[in-house]
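Here's a walk through one protein model, written with side-chain geometry in mind. Have the viewer open and follow along.

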Amino acid sequence: AALIGKTNPRTGRPYGREIRIGLKTRALVDARRERDILLGVIRKQEREALGWSGTVEEAAELAREIAPRNDEEKAAIEVGMGVVAKKILEPRIGPEKARQWHKVVTGKATPISTLAEKFMAECEGKKSRSYQNNFKTVLSELLEFGGSFLTAEEVSRSLAASFVTEFLPNRKSPKAPDGQGPATIRKKVSNLAALWKWAQKRGYLPYSKETPWDEQAPDNAEVKAAAKKFRPFAPEETSKLLEAAPAGMVMGDIIRVALLTGVRLEEVASLEASQVDPEARWYEVREGKTDNASRIVPLVGFARHVILSRLRKATGDDRSLFPELGVRASTGRKGGAVSQGFTRLRRDVLGEHTDGELKQHCFRHLWRTAARRAGVDLRTAQEMGGWSRGKSSDLTYDHGEEVEHYIAEQEKVWRWLQEKGYLGS
């Protein structure tokens, strides 16, 4: 139907409701071969009439269309598509990609992009936006490495190993100027392994207990060794940062809260008035990066002054404490802008040589060290920092004694940081 009225290149006249072409042979084998080629050419003309550009995604759609056909017609299309791949695509995209295309359109291979699209559709509403963004990133990196026509069947253990050990570690970005670290690579390998396991369960790939990504990620020792590159801030460094970012500024306020509480970036950037005690003696984290993140955060010293000041100024429906920060559509979070802003501040104040040594998250490590050295017992420190679920994690804060206990322990951390010169003059 798509060809009716279109010009038939063989005759120069418009197509009617039927296409009749003589095969010019009485030999059955030759007739079938010629018929298959002509059917392939006609199918190509039909696709062009429908606006088909020959992309991997549409090739996959054609493969799904071919699947239910009878063997005779499937064979005809396979031969015809072979002609298209050889005569039309190979001069444009090269023999290797043309062969990959032919495997996809004939249903002999599954493009990774198609698997990923179906996988992400199932993840919608089940996985966090952060997880989905991370998955999209590693998918684009894999297709950049293996080519946009890369199919799941072509991902061998050796190809996976090259991607993990050669491509990713040498891929640099503003956030990873020296290349991606073991922890980041490990997370990406986990995402790809999850895609393969899902595809095997759903029947898109042959079922197996193994994937090409098994045992490819950096091990715990590598991750820990790389993590040792980052260090806690020194007293003179936090003092310089506090001086360069005074209270009242977004970055200055967030640094002050992070320094005295050890909270994660998003846990303070996304604060709303409804989370904060009216006297700003504590605030609640309702949800976070892990199940243990839900907790109360005691506020003391200038961290309390910062939150109290912002609480009194909070307006609007959500009464955000940091209205200056926009929510990124890609993540639904405010933390990204703060992370970039802090990186610029750190480089300006402490120098670019601190890349790979210091980041905003290092305040969290500093707080944990300070809590330990200030005499806060391990269980309490883990509960306050969100590393362990404490009694208060049900978010029903009628446990007055427990809240007072957390505040008293936080004051120990504050005094220790003050005595050691971390809080400036």
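## Charges over rings

The charged end of Arg 364 is parked over the ring of Trp 387, 4.1 Å from its centre. For this label, NZ of Lys or CZ of Arg has to be within 6 Å of the ring centre and within 35 degrees of the ring normal. Lys 359 does likewise with Phe 230: its charged end sits over that ring, 4.3 Å from the centre.

A word on ground rules: this is a predicted model, where local features need pLDDT of at least 70, side-chain atom pairs count only at pLDDT 80 or more, and totals for chains, interfaces and linings use all residues. Residues are numbered from 1 along each chain as its sequence is written, and side-chain values use heavy atoms, with hydrogens and water left out.

## The big picture

The protein has 17 helices and 2 strands; helices (H or I, at least four residues) and strands (E, at least two) are DSSP runs, numbered from the N terminus. Of its 425 residues, 44% are buried. Here buried means under 20% relative accessible area, exposed means over 50%, and partly exposed is in between (1.4 Å probe, protein chains only).

About 23100 Å² of the protein is exposed, and carbon and sulfur atoms supply 49% of that. Those areas come from the Shrake-Rupley method with a 1.4 Å probe; for residues, only the protein chains shown count as cover. As for contacts (heavy atoms within 4.5 Å), take those between residues at least 6 apart in sequence: 65% of them join residues at least 24 apart.

## Helix α15

Helix α15 covers residues 362-373, which makes 12 residues, and reaches 17 Å from its first C-alpha to its last, close to the 16 Å expected at 1.5 Å a residue. The expected span is 1.5 Å times one less than the number of residues. Its buried residues are Cys 362, Phe 363, Arg 364, Leu 366, Trp 367, Thr 369, Ala 370 and Ala 371. Just after α15, Gly 375 takes a positive phi of about 95°.

Cys 362 has a relative accessible area of 0%, so it counts as buried. Cys 123 is buried too, at 5%. How many disulfides does a search of the whole structure find? The count is 0, with a disulfide taken as a pair of cysteine sulfur atoms within 2.5 Å.

## An aromatic cluster

Searching the whole structure turns up 13 aromatic pairs. In one of them, the ring centres of Phe 145 and Phe 163 are 5.5 Å apart with planes at 50°, so the pair is tilted. The pair links distant parts of the chain: Phe 145 is in helix α6 (residues 129-146) and Phe 163 in helix α7 (residues 157-167), 18 residues apart. The rule is that rings of Phe, Tyr and Trp (its six-membered ring) pair if their centres lie within 6.5 Å; planes under 30 degrees apart count as stacked, over 60 as edge-to-face and the rest as tilted.

Phe 145 is partly exposed at 29% relative accessible area, while Phe 163 is buried at 1%. Phe 163 also pairs with Phe 167: centres 5.6 Å apart, planes at 15°, so this pair is stacked. Those two are 4 residues apart in helix α7, about one helical turn, and both are buried. Add Trp 196 and Trp 213, and ring pairs link these five residues, Phe 145, Phe 163 and Phe 167 included, into a cluster.

## Odd phi angles

Two residues other than glycine have positive phi values: Glu 215, near 60°, and Ala 280, near 55°. Where are they, buried or exposed? Glu 215 is in the loop between α8 (182-202) and α9 (220-227) and is exposed, at 77% relative accessibility. Ala 280 is in the loop between α12 (265-269) and β1 (282-285), and at 0% relative accessibility it counts as buried.

## Two residues in helices

Glu 122 lies in helix α5 (residues 112-123) and is partly exposed, at 28%. Not counting residues up to four places away in sequence, Glu 122 touches Trp 198 and Arg 202. The C-alpha atoms of Glu 122 and Trp 198 are 10.0 Å apart, with their positions 76 residues apart along the chain.

Lys 313 is in helix α13 (residues 301-313) and is exposed, with a relative accessible area of 64%. Lys 313 and Ala 273 are 40 residues apart in sequence, and 9.8 Å apart from C-alpha to C-alpha.
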